[in-house]
Amino acid sequence: MITIIGAGVAGPLLAYMLQKGGVECTILEADPSLHIRHQGGMLNLNENTGQAALQAAGLYQKVLDHVLPGGDALRLLGRDGAVLFEKKGNGSRPEIDRGTLRRIIIEALPENVIRWGSAVRAIERDPKGFIIRMQDDSVMQADLVIGADGAWSCLRSLLTEQKPIYSGITFIELRYRNATRNYPVAKRLVGDGLMFALTKGQGIIGHREPNDELCVYAALSLPEDNCRNELSRAALLSHFDEWAKDYQTLLADSDGVLVPRPIYALPTGRYWPRTPRATLIGDAAHLMSPFAGEGVNLAMADASDLATAILAHRDNFDAALAEYEAKMAKRTTPYQEQSAANLSLAFSYDAPRGFLDFFESLSSDPQSLPEANQR
Ligand SMILES: Cc1cc2nc3c(=O)[nH]c(=O)nc-3n(C[C@H](O)[C@H](O)[C@H](O)COP(=O)(O)OP(=O)(O)OC[C@H]3O[C@@H](n4cnc5c(N)ncnc54)[C@H](O)[C@@H]3O)c2cc1C
């Protein structure tokens with residue numbers, strides 16, 4: 001039996017492609033149900049990774065029905081509120097809500113594939129494969145085990161000593177519902193798609209979401225021993241007291257609690273030695289900062305490549321895993337490098353200079369730039 005741990009995005013896409021190819025599998029997922037946890041955040045679907053994987057699975061058209069029109073617009077603002085760069089969305093990197101993407105894939109699966117409320121506590125080797133120990137003390141056996149269990153994968157510790165390393169930056173997530181009526185300043189600052197305002201060691205990153213909702217991350221330099229602690233609104237504001245008044249208004253009020261999301265990454269280019277009958281996909285394999293915009297895209301590319309390899313080598317799982325891992329490592333390392341480089345650039349001593357140069361180099365269409373940049 002093939003056992004996949006984790007029903008984020010990677011696990012369900014892998015299971016969907018395996019089932020479609022006639023290979024049975026089960027997903028063990030800690031969450032008790034699909035809708036229990038807000039999966040928040042907009043994600044861009046990139047052509048060579050996420051889009052290609054969804055096309056291989058035959059789900060891309062379904063996903064396209066749910067993209068946010070114009071959501072791939074991009075703007076860079078100064079700490080004084082000035083617009084430094086602006087580009088309208090053109091649909092080349094469609095934006096979709098992460099929860100919607102996950103739901104579409106999960107709803108395409110037969111109902112009994114995911115065992116909700118099944119948190120894995122530990123995994124051990126056994127002459128026949130693996131013994132999986134569950135949080136409720138029950139025990140399962142698996143012939144082939146695939147860790148799609150995200151940043152803090154429990155399978156990873158069986159394969160390698162590599163652990164995620166804290167970047168020094170924590171995102172504080174703020175949410176704004178009914179933005180047009182309740183948060184007009186936030187709505188104006190964020191604009192139609194993705195907004196960055198960056199300075200040394202700090203930033204504000206905002207995203208328009210469907211249903212008139214906004215998601216904003218206030219990025220702070222925090223020590224690791226303090227990066228998960230609850231932050232008061234006053235403490236958050238004190239980090240931005242030299243920023244323009246509109247940003248103070250943005251941060252002073254939002255819906256719900258402030259959620260800290262520390263940014264961790266696995267070391268670049270270091271994976272795990274080939275291990276019989278076990279492998280990792282998605283964040284479990286190569287957690288990286290969101291600054292390459294590729295995490296979910298690579299997770300789906302892994303799922304697609306692993307499913308293709310297993311279906312091609314049904315009688316030899318280890319040949320399939322070796323083929324998948326070689327392809328995954330070759331594809332992933334450049335994105336890990338890019339994500340680390342972009343993170344440094346975003347918060348470097350002369351920020352936002354590096355991002356401005358980067359965005360301008362990407363923009364081949366001068367019509368898309370604001371007047372101030374067309375000189
Ligand atoms: C702030 C932020 C912004 C981002 N922006 C982007 C972006 O713009 N573009 C992009 O491509 N990516 C982005 N990402 C990255 C993206 O969200 C992840 O790369 C992607 O969700 C990884 O998917 P996954 O399926 O590998 O893991 P996850 O989505 O983390 O899923 C892991 C699943 O495993 C389950 N699980 C964990 N442990 C256990 C256990 N012991 N037993 C059973 N189940 C378990 C969890 O409950 C979860 O459902 C962003 C990430 C962050 C933090």
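The legends below describe an overview and several close-up views of a predicted model.

**Figure 1. Overview of the predicted chain, with its 13 helices and 17 strands.** The radius of gyration is 21 Å, close to the 21 Å that the globule rule gives for 375 residues, so the chain is as compact as a globular protein of that length. Along its principal axes, the C-alpha trace spans about 65 × 45 × 35 Å. The views that follow begin with the ligand and then turn to helix packing and to two details of the backbone.

**Figure 2. Close-up of the ligand and the 33 residues that surround it.** The closest of these residues are Gly6, Gly8, Gly150, Gly282 and Gly295. Helix α1, strand β3 (42-44), helix α10 (283-286) and helix α11 each supply at least two residues of the shell, and it is α11 that gives the most, with 4 residues. Sorted by class, the shell around the ligand consists of 16 nonpolar, 10 polar and 7 charged residues.

**Figure 3. Close-up of the packing of helix α1 (residues 10-20) against helix α11 (residues 295-312).** The two axes lie 8 Å apart and form an angle of about 30°; because angles under 35 degrees count as roughly parallel, α1 and α11 are roughly parallel to each other. The crossing in which α1 passes α11 is right-handed. On the α1 side the contact is formed by Ala10, Leu13, Leu14, Met17 and Leu18, which meet Ala299, Met300, Asp302, Ala303, Ser304, Leu306, Ala307 and Ile310 of α11. The residues of this contact between α1 and α11 comprise 11 nonpolar, 1 polar and 1 charged. Both helices also appear in the preceding view, since each of them supplies at least two residues of the shell around the ligand.

**Figure 4. Close-up of the packing of α1 against helix α4 (residues 98-107).** Here the axes are 9 Å apart and the packing angle is about 25°, and α1 and α4 are therefore roughly parallel to each other. In this pair, α1 passes α4 in a left-handed crossing. Pro12, Leu13 and Tyr16 of α1 make the contact together with Arg102, Ile105 and Ile106 of α4. By class, the residues of the contact of α1 with α4 are 5 nonpolar, no polar and 1 charged. Leu13 is listed in this contact with α4 and is also among the α1 residues that meet α11.

**Figure 5. Close-up of the packing of helix α11 against helix α12.** The axes of α11 and α12 come within 8 Å and cross at roughly 155°, which makes α11 roughly antiparallel to α12. The crossing of α11 past α12 is right-handed. From α11, the residues Leu298, Ala301, Asp302, Asp305, Leu306, Ala309, Ile310 and Ala312 meet Phe317, Ala320, Glu323, Tyr324, Lys327, Met328, Arg331, Thr332 and Tyr335 of α12. The contact of α11 with α12 contains 11 nonpolar, 1 polar and 5 charged residues. Asp302, Leu306 and Ile310 of α11 take part in this contact with α12 and are also listed in the contact of α11 with α1.

**Figure 6. Close-up of the cis peptide bond that joins Ala351 and Pro352.** The omega angle of this bond is about 10°. Pro352 lies in the loop between α12 (317-346) and α13 (353-362), so that this view can be read together with the preceding one, in which α12 packs against α11.

**Figure 7. Close-up of Asp137 in the loop between β9 (129-134) and β10 (139-142).** Although Asp137 is not a glycine, its phi is positive, with a value of about 75°.

Key. Residues numbered from 1 in each chain as written. Predicted model: local features only at pLDDT ≥ 70, side-chain atom pairs only at ≥ 80, totals over all residues. Axes fitted to C-alpha atoms, helices over the stretch in contact; angles between N-to-C directions. Parallel < 35°, antiparallel > 145°, perpendicular 65-115°, else oblique. Left-handed = near helix turned anticlockwise from the far one by under 90°. Contact = placed C-beta atoms within 7 Å. Nonpolar A, V, L, I, M, F, W, Y, C, P; charged D, E, K, R; others polar. Near = placed C-beta within 6 Å. Rg over C-alpha atoms; globule rule 2.2 N^0.38 Å.
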